[in-house]
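I opened this notebook page to look up a few local features, one after another, and to write down what I found for each.

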Amino acid sequence: MLHDPEVYPDPMEFKPERFMASPGREPELDPHSVAFGFGRRICPGLYIADASLFLTVASSLAVFDVTKVIEDGVPVIPIVKQTTGNISHPYPFRCDIKPRFRSAESLIFTLNDE
């Protein structure tokens, strides 16, 4: 359903702007409305999945600075490309992840020290 070209023109292209209204253009269907099913067959884990994802992303962004890799003084711009199939994932890319403060660093290495 989420790859239907009648609903999403160029469904395999990464275009987050498709979900935002712009002058003279309505936003495309929000995938959240069908991704977890609907009606009597809706996924019971929908709210747990949403909350878990939000908390994971918010916690990570609060604790870490995520930036582009710098090589020879020039930022390396990642190529935005997705895998194909029923569930797509971004291809591997390089980024620089650093703790924002010292206590965050101790949280990272606690698991590795065991």
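The entries below take up a surface patch and then two backbone angles.

Entry 1. I note at the outset that I am working with a predicted model.

Entry 2. I looked for nonpolar side chains that come together at the surface, and I found a patch of about 460 Å² that is made by Leu 53, Val 57, Leu 61, Val 66 and Ile 97. I then asked which element gives the most to this patch. Helix H2, which covers residues 46-63, does so with three residues.

Entry 3. I followed Val 66, one of the patch residues, and placed this valine in strand S1, which runs over residues 64-67. Its relative accessibility is 48%, so I entered Val 66 as partly exposed, given that exposed is kept for values over 50%.

Entry 4. I turned to the backbone and noted that Asp 10, although not a glycine, has a positive phi of about 55 degrees. I located Asp 10 in the segment that comes before helix H1 (32-35). Is Asp 10 buried or exposed, or does it fall in between? With a relative accessible area of 45%, Asp 10 is partly exposed.

Entry 5. I recorded a positive phi of about 55 degrees for Asp 72 as well, which is again not a glycine. I found Asp 72 in the loop that links strand S2 (70-71) and strand S3 (74-75). Here the relative accessible area is 81%, and I therefore wrote Asp 72 down as exposed, since this value falls in the class over 50%.

Technical notes:
Residues numbered from 1 in each chain as written. Predicted model: local features only at pLDDT ≥ 70, side-chain atom pairs only at ≥ 80, totals over all residues. Heavy atoms only, no water. Patch = residues over 30% accessible without salt bridge, like charges linked within 9 Å, V, L, I, M, F, W, Y side chains within 5 Å. Areas by Shrake-Rupley, 256 points an atom, 1.4 Å probe, with all protein chains shown as cover. Salt bridge = Lys/Arg side-chain N within 4 Å of Asp/Glu carboxyl O. Helix = DSSP H or I, 4+ residues; strand = E, 2+ residues; numbered from the N terminus. Buried < 20%, exposed > 50% of the residue type's maximum accessible area, 1.4 Å probe, protein only.
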